[in-house]
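Here are some short exercises for you to try with the viewer open. Have a go at each task before you read its solution.

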Amino acid sequence: MTWEEVTSITKQADFNCNGKLDYNKFCELYLSTRERCCKAARARLDTDPRLRQQHLGNQTETVPEGITLPVSKPSPRGCRRPGHKLPKGDSRAPSRPLSAQSSKASSSTTVTVAASSSRNTKLIIEPDTMKEWQCAQSRGCFYLEENGEIISHKYRLHLPQRSALCITIKPFSIPQAQGKPCPWLSVDTALFILKENETQENLQLVSFTEFQDKEIFGWRGELGAGVYWLLPFTTGCRLRKGKTQIAGEAKLVWRDEDGELALTKEFRAALLDVFETIDLDGNGLLSLEEYNFFELRTSGEKCDQEAWAVCKENFEMKKNELTRQGFLDLNLMEANDQDGDPWDLWVTLLSLGYNRALEMTEACPFVIDICAERCKPRIRAIALEAGGSQLSRALCRSVVNKGEAKGLGGSESIFIHTYRSGSRITSVIENKSENKVIIHVNNEQSKNCLNNRGLTVFAVEVAPKSMMVSQHVMALNEQEEWIYSCVHSLVC
């Protein structure tokens, strides 16, 4: 504090003790004021849904049936530190920010990561030992919704027999985009492997791609015969809404000397990039199934067999699949239907993650590779949607299984699980108590970090008997050392 601030406090009647600061009284008033501020903040959150969504977690994961949590003895209210007082005459700097210090239970975690070390954890692919393995591949894409939610393709993997496998996922470098800025190449990716049992709702976490080699995230192991789900995941640390202002809007169509509409060179290039992204099997053609994922994303509707037959009559196809030229002509027809008005074309581009400068800034195409030693794996995209409870449950369970657990201030009912996987650190809050809790999260002492919430200080509300992700954290600049330093404190 400055000398002027100290003087102004000393002169206040509440703390003035013959011209000196009544330290005990000051501390008592400070803590009581903090409590009132917390209550006022909670009241504002309860009455403002948008503010609540921004500052409080909204991806609670209830503990699934069949997983019994240990019986917790004290309730969250019993996590207070009795008789906690500030020491007198201690001039040392506090070990954590004042905003995290209170009579409530808290837990501090610090992880230091050397420059670039997060991008090389293990060699995933060994060409010499895997050259005889049978492989399958599929492309896909993460799309950023208007509300910040991320959706992606989901996959079903079929293995006819038990086999050793290598499964990898990485951002997809579009051939046509070479030489142009590709911001999605720095986006983190992961893949969760779940075993399908009797029903699709009953999915069991098997493992996830915890190893990293540069931009590749992978897993190696052995799986039995059966059907598995592959759920792609990205933290949202780097795939997020941008604030960059676009100078001007790109032109999509123009009229030639005969007055005929044509696609501009820039728009054609963007459409060819889109084609590569939605061509999931990479064969240079769009099947009806692949095209329908495109339609669902851009219009919310599917193309039926009858409409596909009309496309076959009017646009170039091979083996009942749409060619690149056919895809370009289809978009030109849409422009002609609107007499050159590009509004519908922009709706398509914006829904696919492009901005008005025809840059893909809110999407991340990726590619999944699967190699099996003893059989031919088969992979098929089955949905394009948010990860939902299945992904949330798998993510929480992976952190709890692999991470370090700390009780909140010695609590036996509230735990903070922290796990580092490759280039990311994830923390999960587990609430074993019978009461809802609100946890204050403070990252003010972290250095060279960014998190998926975009906030340094925030609060997380966790329902009784549930788990939820507190935050994902990554390096802002991987070429420099980064320090994750976080304090979780119980608010109520």
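The exercises below start with the whole chain and then move to a sheet, a helix pair and two loop residues. Keep in mind that this is a predicted model.

**Exercise 1: The whole chain**

Task: Describe the protein chain by its helices and strands, its buried share and its contacts.

Solution:
- Step 1. Count the elements: the protein chain holds 10 helices and 26 strands.
- Step 2. Look at burial: of the 492 residues, 48% are buried.
- Step 3. Turn to the contacts between residues at least 6 apart in sequence: 73% of them join residues at least 24 apart.
- Step 4. Finish with the surface: about 24,900 Å² is exposed, and carbon and sulfur atoms supply 49% of that area.

**Exercise 2: An open sheet**

Task: Find the order of the four strands in the open sheet, and work out which strands stand at the edges.

Solution:
- Step 1. Trace the order, which is β4-β26-β22-β24, with antiparallel pairing.
- Step 2. Check the ends: β4 (106-113) and β24 (457-462) each have a single partner strand, so one side of each is left without a neighbour in the sheet.
- Step 3. Add the twist, which averages 20 degrees from one strand to the next.
- Step 4. Follow the pairs. β4 and β26 (residues 482-490) are joined by eight bridges, and Ser107 has His488 of β26 as its bridge partner.
- Step 5. Move on to β22, which four bridges join to β26; here Ile439 is partnered by Leu490.
- Step 6. End with β22 and β24, paired over six bridges, where Val437 stands opposite Val462.

**Exercise 3: The two sides of a strand**

Task: Sort the residues of β22 by the way they point, and decide whether they are buried or exposed.

Solution:
- Step 1. Recall the rule: in a regular strand, side chains alternate between the two faces of the sheet.
- Step 2. Put Val437, Ile439 and Val441 in one group, and Ile438, His440 and Asn442, which point the other way, in the second.
- Step 3. Check burial: six of the six residues of β22 (residues 437-442) are buried.

**Exercise 4: Two packed helices**

Task: Classify the packing of α8 against α9 from the angle between them, and name the residues in contact.

Solution:
- Step 1. Choose the descriptors: the angle between the axes and the distance between the axes describe two packed helices.
- Step 2. Read the values for α8 (residues 324-337) and α9: an angle of about 140 degrees, with the axes 8 Å apart.
- Step 3. Apply the cut-off: over 145 degrees would count as roughly antiparallel, and 65 to 115 as roughly perpendicular. This makes α8 oblique to α9.
- Step 4. List the contact: Asn331, Glu334 and Ala335 come from α8, and Asp344, Leu345 and Thr348 from α9.
- Step 5. Sort them by class: two are nonpolar, two polar and two charged.

**Exercise 5: Two positive phi values**

Task: Where do Asn320 and Leu358 lie, and is each one buried or partly exposed?

Solution:
- Step 1. Start with the background: most residues other than glycine have a negative phi.
- Step 2. Take Asn320, whose phi is positive, near 65 degrees. Asn320 sits in the loop between β15 (317-318) and β16 (321-322).
- Step 3. Take Leu358, with a positive phi of about 65 degrees. Leu358 belongs to the loop between α9 (343-351) and β17 (363-372).
- Step 4. Compare their cover. Asn320 has a relative accessible area of 37% and is partly exposed, whereas Leu358, at 13%, is buried, because buried means under 20%.

Technical notes:
Residues are numbered from 1 along each chain as its sequence is written. This is a predicted model: local features need pLDDT of at least 70, side-chain atom pairs count only at pLDDT 80 or more; totals for chains, interfaces and linings use all residues. Side-chain values use heavy atoms; hydrogens and water are left out. Two strands pair if DSSP finds at least two bridges between them. Axes are lines fitted to C-alpha atoms, for helices over the stretch in contact, and angles run from 0 to 180 degrees between N-to-C directions. Buried means under 20% relative accessible area, exposed over 50%, partly exposed in between (1.4 Å probe, protein chains only). Contact means heavy atoms within 4.5 Å. Accessible areas come from the Shrake-Rupley method with a 1.4 Å probe; for residues, only the protein chains shown count as cover. Angles under 35 degrees count as roughly parallel, over 145 as roughly antiparallel, 65 to 115 as roughly perpendicular and the rest as oblique. Ala, Val, Leu, Ile, Met, Phe, Trp, Tyr, Cys and Pro count as nonpolar, Asp, Glu, Lys and Arg as charged, and the others, Gly among them, as polar.
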